Each structure stands twice: as structure tokens, then as C-alpha cells.
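Please open the structure in a viewer and keep the sequence panel visible. The tour below proceeds by selections, each followed by a description of what is found there.

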Amino acid sequence: MPDVKSLAATMQEPPDWRNPMHTFITETAGFERAELLIWNFSRSELDVLLFRVVGPIDPYREAIDAARFVTDYDLTPIDDDAFYAYVEHETREMDRQLRDSFDGKHVVLVPPVIYHADGTTRLRTVGRSEALESVIDAVPDAIDVTVESIGEYRGPARGTLELTDRQREVAKTAVEMGYYDVPRDASVADIADRLDCAASTVSDHIRKAEGAVMVGLFE
């Protein structure tokens with residue numbers, strides 16, 4: 001049996017390498033991340049991608065409509081905080097160079113690939129241990145790579161990937177304060193006091209977080 005491991009890594013691309021829409025997210029208030037859910041690179045000159053973007057849809061629409069390398073797109077709202085983005089764009093030379101790092105190796109890239117608003121990209125790759133090492137070694141020198149962890153692959157925590165940063169903060173605080181203990185040690189009002197926000201805001205974030213986790217668990 002092959003020695004198969006899971007490797008989580010964070011990449012920092014220089015500004016001139018970064019995808020312009022990722023740069024837009026880093027420079028525009030209100031955006032947290034874009035999650036690349038699935039992709040099709042079968043056409044050599046065209047990338048076909050599906051993202052889940054956490055942020056306001058209207059500014060993104062204006063930016064992608066003006067992006068010259070994008071040939072077609074469609075945006076579908078999820079809620080007030082996120083939307084899906086189907087994108088077709090010309091294959092850039094730097095994207096091709098990065099993909100070459102994975103070609104011919106016994107590895108698979110596990111979605112989502114997450115493009116954060118701080119300019120970093122986080123990805124997870126599963127494959128033979130020696131192949132994972134060769135992928136990291138083959139990444140272009142212009143890209144700074146930090147290996148976060150190597151271990152057994154236990155599947156994605158799908159529901160938690162659907163949370164915004166604020167929903168994650170509220171849910172984490174609720175757990176820490178005993179909101180989910182039996183009997184319950186903290187109320188919505190208690191959590192709101194801790195986070196210095198309205199109880200209605202906490203209730204809304206908890207409801208959305210619980211819904212995302214349940215959908216991720218059973219979908």
C-alpha cells in the first residue's frame with residue numbers, strides 16, 4: 001500500500017502573479033475570501049471555475065465585468081454575505097507554471113482552494129508522501145510556500161467552510177461560554193455582551209452557522 005498523506009499549505013504569491021480578482025478581494029472592504037469549489041482545465045487556453053465568494057456581490061460584479069482576461073461569468077446570490085461565481089477566463093502563464101508543479105505526480109488537490117483577503121492562498125493536497133514533497137519543491141520560486149501540516153486525510157470539515165469569519169467567531173464564543181451545554185450555561189444575551197453587539201445579531205449568526213454545519217454534515 002502506498003504511504004498516502006494529506007498536506008495543508010499556505011501560499012503567498014507576489015502581486016504580479018496573483019489573479020486580479022484575488023487582488024480585488026484583498027483591496028476591497030467587506031470581502032473575506034473566495035473558495036474555489038471545482039474547476040475544469042481541459043481546454044489549454046481557458047479556465048472554467050466555480051467559486052463561493054464571501055463578500056458583497058455588487059462590487060464584485062463591477063470588478064469582474066471590467067476584468068479583460070475574463071471571457072464570461074455568472075453570479076448567483078446565496079445570502080446577503082456570499083454568492084457563487086461561475087467564471088471562464090483566459091489561462092495565464094503564471095497559472096500554467098503553478099499547475100506544472102502537480103503534473104505527473106501521484107497527488108490530488110482537494111477542494112476548496114481558499115483565496116483569503118490577506119492575499120494568501122490555502123490548499124490541501126493528498127497523495128504519496130514523496131510526491132507531496134516533490135510538489136512543494138516544484139512550486140515556482142516566486143511563490144512563498146509554508147507547509148502547515150502533514151498527516152492522515154480525514155475528509156473536509158464541509159459545514160465549517162461555509163461560515164463567514166463573523167459567524168465563526170460568534171459560534172466559537174457560544175461554544176466557549178457553554179451555550180450548547182446541557183443545561184445551557186450562557187444565553188444569546190450573554191454572548192452578545194461578550195462580543196459587544198446586539199442579541200438579534202448573535203441569534204442571526206448562530207442560526208446561519210448552525211444551518212451551514214447541518215447542511216455540510218448531511219448534504
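In which strand is the place of P112? Select P112, and the viewer will show a residue of strand β6. The model on display is a predicted one. The peptide bond leading from P111 to P112 is cis, and its omega is near 0°.

**The sheet around β6**

Widen the selection to the strands. An open sheet of eight strands is found here, with antiparallel pairing, and its order is β4-β5-β3-β2-β6-β7-β1-β8. At its edges are β4, residues 70–79, and β8, residues 144–151, each of which pairs on one side only. On average, and with direction ignored, neighbouring strands of the sheet are turned by 20° against each other. As a general point, the strands of a sheet pair through backbone hydrogen bonds, in either a parallel or an antiparallel manner.

Return to β6, which spans residues 107–116, and add strand β2, residues 33–43. These two strands run antiparallel and are joined by four bridges. To view one of the pairs, select R33, whose bridge partner in β6 is H116.

Next, select strand β7, residues 120–128. It runs antiparallel to β6, and six bridges join the two. One pair to display consists of V108 and its bridge partner in β7, V126. The hairpin formed by β6 and β7 has three residues between the strands, and in this hairpin G119 takes a positive phi near 95°.

**From β7 to the edge strand β8**

Select strand β1, residues 4–12, together with β7. Nine bridges join these antiparallel strands, and the bridge partner of A9 in β7 is L123. Then add β8, which runs antiparallel to β1 and is joined to it by seven bridges. Here L7 stands opposite I150 of β8.

Before leaving this region, select T121. Is T121 buried or exposed? Its relative accessible area is 1%, and T121 is therefore buried. T121 is found in strand β7. Residues up to four places away in sequence being left out, T121 touches A9, T10, M11, E13, H22, V113, I114 and Y115.

**The strands β3 and β5**

Move along the sheet to strand β3, residues 46–54, and strand β5, residues 82–90. How many bridges join β3 to β5? There are nine, and the two strands run antiparallel. Select D47 to see one of the pairs: its bridge partner in β5 is H89.

**The loop before β6**

Select S101, which lies in the loop between α3, residues 93–100, and β6. S101 has a relative accessibility of 1%, and so it counts as buried. To see what S101 is in contact with, display V135, A138, V139 and P140; neighbours within four places in sequence are left aside here.

**The helices α6 and α7**

Now select helix α6, residues 165–177, and helix α7, residues 188–195. Their axes come within 10 Å and cross at roughly 120°. The two helices are therefore oblique to each other, and α6 passes α7 in a right-handed crossing.

Show the side chains at this contact. On α6, display R166, E169, V170, T173, A174 and M177; these meet D190, I191, R194 and L195 in α7. Classified by residue type, the contact of α6 with α7 has five nonpolar residues, one polar residue and four charged residues.

**Two loop residues beside α7**

Select P183, found in the loop between α6 and α7. The peptide bond from V182 to P183 is cis, with omega near 0°.

For the final selection, choose D196, in the loop between α7 and α8, the latter comprising residues 199–218. Is D196 buried or exposed? Its relative accessibility is 72%, and D196 therefore counts as exposed. The phi of D196 is near 55°, a positive value in a residue other than glycine.

Terms used: Residues are numbered from 1 along each chain as its sequence is written. This is a predicted model: local features need pLDDT of at least 70, side-chain atom pairs count only at pLDDT 80 or more; totals for chains, interfaces and linings use all residues. Side-chain values use heavy atoms; hydrogens and water are left out. Two strands pair if DSSP finds at least two bridges between them. Axes are lines fitted to C-alpha atoms, for helices over the stretch in contact, and angles run from 0 to 180 degrees between N-to-C directions. Angles under 35 degrees count as roughly parallel, over 145 as roughly antiparallel, 65 to 115 as roughly perpendicular and the rest as oblique. A crossing is left-handed if the near helix is turned anticlockwise from the far one by less than a right angle, and right-handed if clockwise. Contact means heavy atoms within 4.5 Å. Ala, Val, Leu, Ile, Met, Phe, Trp, Tyr, Cys and Pro count as nonpolar, Asp, Glu, Lys and Arg as charged, and the others, Gly among them, as polar. Buried means under 20% relative accessible area, exposed over 50%, partly exposed in between (1.4 Å probe, protein chains only).
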